[in-house]
Amino acid sequence: MAEVVEFCVPTGNETTLLVLGLETDASEHALYEAFSAFGLLYSVRICRNAPVARPGYHALVKFYSARDARRAQGALNQQCLFQKSPLKVCVYTRRKRFPQQVLALNSYKCQELANHYLGFNGWSSHIITLQNVSGFEEEEMRTSSSCQQLKYLCIQELTIPQHRIRTRGVSVAEPNVDTNQEFLMATYRAQKLAAQQALSDAFQKILLVVLENGKIAVEFSSTQEDLVDCLTEEELRGLIQVTDLTLSQLSPKGEEEILDFTGNAISSIGKQAWKAYPWTEHLVLKGNGLSQVQNTSLEGLLMLTHLDLSCNKIQVIQRKAFEVVPFLRFINFSGNILDRISHGAFEAWHGMQFLLKLDLTHNPLAVIEDDYFYGLPSLKILDLGATEITAKVLMNILRTSLQLKSLFLPKKMSCCLCRMKKDIEILRDTVKLDCANECNGRTNLCAEKEDPLNKMQKEIMKVLEIRKMNASRTLTIMPEKLSQNTKLNHTGNNVDNPNIADLPPTPFEISQGVKQSESRRFSANQVD
């Protein structure tokens with residue numbers, strides 16, 4: 001018998017399995033690995049048993065397909081799987097007291113479901129119009145609020161060419177804007193939220209029919225005739241005033257769009273590689289074979305904020321490589337073979353206004369000749385541990401990077417500066433040296449009279465004096481060991497990130513869940 005799968009949160013008991021007899025060390029990840037072999041999962045949740053029951057844990061595993069759930073129940077019931085004692089797996093039979101509201105899947109879940117049944121290239125979407133409709137609010141309503149209002153209308157078209165299906169979704173996003181928030185970032189959030197909800201709305205009109213032989217049919221299903229599907233693109237682009245669109249289906253928080261290609265064999269990135277993912281915020285390419293970052297490598301990733309290129313073979317950063325990613329906040333280049341940052345590598349029309357942290361550890365980096373690097377306006381944390389930078393590079397950083405909060409240096413260079421600590425303490429209002437235990441017993445590191453830092457001591461003190469007059473932020477200089485927990489290598493394993501409390505979660509912390517999605521992981525020599 002054919003089964004219909006909708007782009008909604010699964011609510012029926014037939015799609016949910018109850019797993020009993022879990023041991024204390026059981027994890028949701030282990031359950032996901034075991035049950036996802038039978039079909040795509042919506043969620044896995046481990047819960048503590050009720051006080052009236054036997055002490056222990058149970059889990060609820062929710063599939064999109066009831067057929068997949070039955071297959072998993074039959075195969076895994078009374079199996080030990082990842083623990084010593086067998087598990088009891090049964091269909092969830094608890095009756096619901098009230099009818100459950102059918103909730104639309106968010107855009108990320110919609111894409112995951114579409115990729116699973118239709119294939120990665122089986123569908124496409126594009127934005128027809130994305131317009132600011134804030135100006136249609138009553139002026140007195142806006143001025144009476146302590147927060148500014150942004151309202152964006154988005155219409156997005158979804159195409160499934162193999163089944164000759166085309167539909168459109170509409171959404172209006174109206175998040176509150178804190179007066180202290182950057183207006184550009186607030187606008188980006190509103191645009192992103194509108195686009196995500198529009199894509200989800202388009203998927204709601206689609207039904208997936210899974211046949212017994214495994215083939216997929218796609219049907220168009222809409223409860224009422226939608227004017228948006230009847231208008232031409234030119235007419236839609238001219239559509240401004242909205243009268244009957246509701247904001248009730250908008251989620252209170254935006255979704256995190258993450259692409260994780262860790263540990264593949266990607267050696268180059270095609271020009272149109274990211275065309276279908278304009279709202280991606282986190283891109284993880286750790287542990288691949290990339291040799292350079294071209295000025296087209298990130299094209300299409302307009303909303304990218306976190307970029308992880310660690311443990312590749314990158315030797316070249318082309319001029320204006322980051323011009324297409326104006327909202328970038330975190331870049332990880334650790335564990336590559338960069339020996340030089342050439343002029344213009346960090347040049348961009350937007351000036352990289354949002355970049356907060358740059359990690360260049362474990363590179364043979366000796367020369368930084370890019371003036372735009374030294375002038376990054378918002379950079380707070382710069383990690384140059386285990387590099388080969390010269391005293392000249394250090395002086396340029398101290399002279400120009402007045403907004404830096406933390407600077408991690410190679411061990412030898414940091415210990416050499418610690419020898420000048422008494423002199424530098426005079427300038428303690430703007431520079432602080434962390435010499436705790438790292439340089440004890442290492443006085444021979446700077447014993448050579450010909451050491452460049454010894455020769456340039458007077459020049460460094462002059463630079464620090466100038467910094468004291470111009471900088472308002474205290475710069476903390478630390479040796480590399482305090483910034484590194486494990487040694488980097490080109491395998492992509494055991495790479496830890498410094499614990500920076502004032503930065504948002506990094507790709508290292510949030511990408512684990514993404515790795516479970518087959519639609520997001522590929523083994524390929526080239527992304528194109």
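The protein chain averages a pLDDT of 76, and 70% of the residues score at least 70; pLDDT is the predictor's confidence in each residue, from 0 to 100. This is a predicted model, in which local features need pLDDT of at least 70, side-chain atom pairs count only at pLDDT 80 or more, and totals for chains, interfaces and linings use all residues. Residues are numbered from 1 along each chain as its sequence is written, and side-chain values use heavy atoms, with hydrogens and water left out.

**Confidence along the chain**

- Among the elements of the protein chain, the highest mean pLDDT (96) belongs to strand β19 (residues 330-332) and the lowest (31) to helix α14 (residues 507-510). Helices (H or I, at least four residues) and strands (E, at least two) are DSSP runs, numbered from the N terminus.
- Over residues 137-146 pLDDT stays under 50, and the model has 8 contacts beyond four places in sequence for them. A contact means heavy atoms within 4.5 Å.
- Residues 239-254 also have pLDDT under 50 throughout; for this stretch the model has 24 contacts beyond four places in sequence.

**The four-stranded sheet**

- The strand order β3-β4-β2-β5 describes an open sheet of 4 strands with antiparallel pairing. Two strands pair if DSSP finds at least two bridges between them.
- At the edges of this sheet are β3 (41-48) and β5 (88-91), each of which pairs on one side only.
- Neighbouring strands of this sheet are turned by 20° against each other on average, direction ignored. Axes are lines fitted to C-alpha atoms, for helices over the stretch in contact, and angles run from 0 to 180 degrees between N-to-C directions.
- Strand β2 (residues 16-22) pairs with strand β4 (residues 57-63) in the antiparallel sense over 6 bridges, and L22 stands opposite Y57 in β4.
- Helix α1 (residues 28-35) lies across β2, β3, β4 and β5, and runs at about 140° to β3.

**The three-stranded sheet**

- A further open sheet, of 3 strands, has the order β1-β11-β12 with antiparallel pairing.
- Because β1 (3-6) and β12 (216-220) stand at the edges with a single partner strand each, one side of each is left without a neighbour in the sheet.
- The average turn between neighbouring strands of this sheet is 30°, direction ignored.
- Strand β11 (residues 206-210) runs antiparallel to β12 and is joined to it by 5 bridges; I206 stands opposite F220 in β12.
- Helix α3 (residues 107-118) lies across β1, β11 and β12, at about 35° to β11.

**The β8-β9 hairpin**

- Strand β8 (residues 152-160) and β9 pair in the antiparallel sense over 9 bridges, with Q156 opposite G169 in β9.
- The two strands form a hairpin with 4 residues between them, and R164 in the turn has a positive phi of about 55°.
- Strand β9 (residues 165-173) is largely enclosed by the rest of the structure, because 8 of its 9 residues are buried. Buried means under 20% relative accessible area, exposed over 50%, and partly exposed in between (1.4 Å probe, protein chains only).

**Residue Y277**

- Y277 is found in the loop between β14 (268-269) and β15 (282-284), and counts as buried at 10% relative accessibility.
- Y277 and S125 are 152 residues apart in sequence, and their C-alpha atoms are 9.7 Å apart in space.
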